[in-house]
Every structure is written in C-alpha cells, then in structure tokens.
Amino acid sequence: MRPIIPDYLAEALGDVEADTSGETAGYIPELARAHPDFLGAAFVTVDGETYGAGDTDVEFTIQSISKPFVYALALSDRGFDAVLDKVGVEPSGEAFNEISLESGTGRPLNPMINAGAITAHSLTGAEDAIAADRVERVIHGLSAFAGRRLTVDESVYASERAHAHRNLAIAHMLRSHDILTTDAQATTDGYIRQCSVRVTTTDLAMMAATLANRGRNPLSGEQVVPEPVVRQVLSVMFSCGMYDAAGDWATQVGIPAKSGVAGGLIGALPGQVGIATFSPRLDAHGNSVRGVSLCERFSSDMGMHVMEVSAPARATVRSHHVVGVGPNALRILQLQGGIGFAGAEKVLRECVDAPFPESRVAFDLTRVHSLDDVARRMLLEVVRRLTLDGHEVFLVDPETIMPDPDPGDGGRVTVVTGADHAVVPPIAP
Ligand code: DON
C-alpha cells in the first residue's frame, strides 16, 4: 500500500503552491536573496516516525524558531526563578523586533520577541560562561533537540550581523536596565549565531516532536530538557509564539507554534506529533504565508487544536461485576484505556457510592495502557480506603502500568501479574 500521510502532505502542498503572496525577509540581505519558491512539510510522531513531502531536505536558517528551544536551555541551566526574574511570559501583541520592555523593571515581556530571546541567550550555560561557551551550549542544545549536529550558516550570520542595528539597540537597552549583565555586542553576536543555525524541515519537525514528547528526542532517546521546562515552553509558544498574530493563531490553529523569518514554522502537539513547514515568503507579522495556511489546514483536517475537547472518560470502567460466591466472591473492576483525572474519578465514584459486601476487590489493569500521576494517586487512595474498610484488594497488573503500587498509611494491595483477574487466588478452603 502507498504510504498515506506523505500523500496527504503532498496534496496539502499542492493546494497552497499557487499562493505566491508575501515577501522574503527584506531586512537581512542574505535572506532577502533566498529562493522564495521552496515548499516543504514534515511530521515526526512522538515515537519517531518521520513523514514528509516537498523540499524537506533543503537547509535554511532556524531564525526565531531557535527562541523556544534556547528559552528551554536557559530554564534548564539557570532554573525558573533566575529566568523569570529577567524575562516575562506575557504576550506583547507587538512585532517580534519591537523595542518594548516592561515599564519599571525593564524586563522583556516574553522570550519569543527579540528582546526576550537575546536575554534568554545570555542566560544559557554556567553563570561565569564566556560568550563563546554560550554559543557552544546553544548549538549543542539545538543539536540535541534535532538529534544531529547542527552548524552555523556563516554568510547569513555575517549578513545579519552587518545589519543588526535594531537588535544591538535592544541589547543596549537591556544592558542599561541590568537585564543583560553580559556584554551587549557579544551577546547580540551570540544571538545572531543562534538564529543562523542551519536546519531542514525534517530537523525542525524532530525538534518540535522532542517538545511534544516531553523533552525526550524520539530517535536518540536523549532527555534534552526536563518535563516542567517543556510545559513552560509550550505554554509560552501557545500565547506568544506567533507575535501579534498569536490570538488568531490560538483560535484558528490551536497548536503551540513558532515561526522564523527564513520561512520555517513549527508546531508541537503535546503527546502526538511535531510539525514543520518551510516556505520563505512572509506575511506582515514575519510568519510564512503558506506555512500558516498549511498549519490551518492540518489543524482542521486532523482535529489538532489543543482545545479540542477529548473523548469523555466514561469508558474507563469497562466492566464492574462479581464472580464467585461466599468468602471467595470477588468484586472486579476492569479498567481500560488511558486514565487521567476524569477516568480515575469514575473509578472513585463506583467505589464510594455504595459499600461493597464482598470482602475481596480486584482492579484489573490488563487493558489500561497509561495512567498519569494524579490517576495513580487517586487509585491508590481508593485501595487504601478499601483496606481500611476491611477489604482485601488486588491489582491485576501484568505490564506494571501502576509504578510503585504502595497505598501507604494502612493501605495494602496484592499485585498479581497474570493476564487477567482469573489469576486472583481463591481463599484456601
Ligand atoms: O533577530 C532577528 O530579527 C532574526 N534573527 C530573527 C527574527 C525572526 O525570525 C522573527 N520570526 N518570524
């Protein structure tokens, strides 16, 4: 059978191909000269499957798409407090290169605008790092997200550096407010190097998939940044990633995203897929015209909006019945699917609504494929209370879906690892 997703991607590219509106970035000569007709799109799933169509192997510079990743590196290297002290998380509603700092503190409003990104760059690596160490830390970190060693496009770097008056002005403003404590020129140079890192559309989809996969690169298996950092970064991408088009994007597309002035665009759909597109002509916000159209289409075709309300949890309790009689009677709650708060609450309700006359109760997790931490704690609390009420509780868990099944504080559970609840031992006669 022909692969379905590349066919779908090729069809989507065909539909936007004729749109030649927009301009390549005019303020960086090397980008203004770029070939404007490239068009590519790639998906990488959280388990590392890669799909693509069009110009997915053409290299271009990452530009502002580096910002969420470098923000992630700064948060990992210096911790949340040190970074939040210097860069806010509020949408600016302004252009990416606006010289806008919070009044009073001089803090950039968020790390997606240039002011915040230059500051985030200064917060990578060790506190006593020199400029070259920070650049190496950033290139090494971006490479870990991509799963291959990335390099700098020296001619784009030189071209942007020669026209960096605005970013330099921003850096000096930041320095005057002590938001930057590093040298303004050297930090701007480092930031421009960061923006000049070369990537392909496939690299970008892999980087986005690493965010979608809680910070673990799906192919290399490396945990690039900790999970709480990823949550912070995705939240800021959602509210600020598309600059003064962020509100439109959040409602129309609804995927945490980031654009770059070389024409790249990424979206990271948590727990599912990393998306990237490449088309160099930009709209007035500095976002790729055809990239935006493609992402709108992907979101609506495939229900990718993160506010799409997920299926109700009513199917968590697959069956609830009693087998056997007398002292051997066993009440079985057979659970299924992925269980989060709402699913665990269904289980709680089944157990709390009426007392169980049987002394033995089994939770059968054979058909459960995932249990998040809150669901785990809620189920263990049910187990604990059932024990305190005099029940003997079993957990049928052949694949260890429930890590560390200790209900604590007077609770007790016997874990059985056979294929289903039939393995719960009868009471000896
Ligand atoms: O600092 C700049 O202006 C560029 N190196 C990056 C700007 C950018 O990519 C804005 N995004 N759409």
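Guide: Let's start with a cut-off: a disulfide here is a pair of cysteine sulfur atoms within 2.5 Å. Keep in mind that we're looking at a predicted model.

Visitor: Okay, and what is a disulfide in chemical terms?

Guide: A disulfide is a covalent bond between the sulfur atoms of two cysteines. In this case, a search through the whole structure turns up zero of them.

Visitor: Why does Cys 240 have no bond to another cysteine?

Guide: Because the closest cysteine sulfur, in Cys 195, sits 17 Å from the sulfur of Cys 240, too far for a bond. Cys 295 is in no disulfide either, with its nearest cysteine sulfur, that of Cys 240, 18 Å away.

Visitor: Are Cys 240 and Cys 295 buried or exposed?

Guide: Buried means under 20% relative accessible area. Cys 240 has a relative accessible area of 3%, so Cys 240 is buried. Cys 295 counts as buried too, at 3% relative accessibility.

Visitor: Let's zoom out. Which domains does the chain have?

Guide: The domain assignment gives domain 1 (4-302) and domain 2 (317-416). Their C-alpha centres lie 45 Å apart.

Visitor: Now pockets. How does one look for empty space?

Guide: Rolling a probe the size of a water molecule over the atoms shows where empty space is left. Here, the largest pocket holds about 1200 Å³ of space.

Visitor: Which residues lie nearest the centre of the largest pocket?

Guide: Those are Arg 214, Pro 270, Gly 271, Ser 310 and Asp 372, out of 38 lining residues. Helix H10 (201-212), helix H11 (227-240), strand E9 (330-339), helix H14 (341-352) and strand E10 (360-371) are the elements that give two or more residues to the lining. H11 supplies the largest share, five residues.

Visitor: What about the chemistry of that lining, and which domains does it draw on?

Guide: By type, the lining of the largest pocket splits into 19 nonpolar, 14 polar and five charged residues. Domain 1 (4-302) and domain 2 (317-416) each contribute at least three residues to that lining.

Visitor: One last residue: where is Thr 119?

Guide: Look in helix H5, residues 114-122. Thr 119 counts as buried because its relative accessibility is 0%.

Visitor: And what does Thr 119 touch?

Guide: Leaving out residues up to four places away in sequence, Thr 119 touches Lys 86, Val 87, Pro 108, Leu 174, Ile 179 and Leu 180.

Definitions and conventions: Residues numbered from 1 in each chain as written. Predicted model: local features only at pLDDT ≥ 70, side-chain atom pairs only at ≥ 80, totals over all residues. Heavy atoms only, no water. Buried < 20%, exposed > 50% of the residue type's maximum accessible area, 1.4 Å probe, protein only. Domains from an automatic or database assignment. 1 Å grid on protein atoms, 1.4 Å probe; cavity = no way out; pocket = protein on both sides within 12 Å on 5 of 7 lines; lining within 4 Å. Points joined across faces, edges and corners; volume = space filled by probe spheres on them. Helix = DSSP H or I, 4+ residues; strand = E, 2+ residues; numbered from the N terminus. Nonpolar A, V, L, I, M, F, W, Y, C, P; charged D, E, K, R; others polar. Contact = heavy atoms within 4.5 Å.
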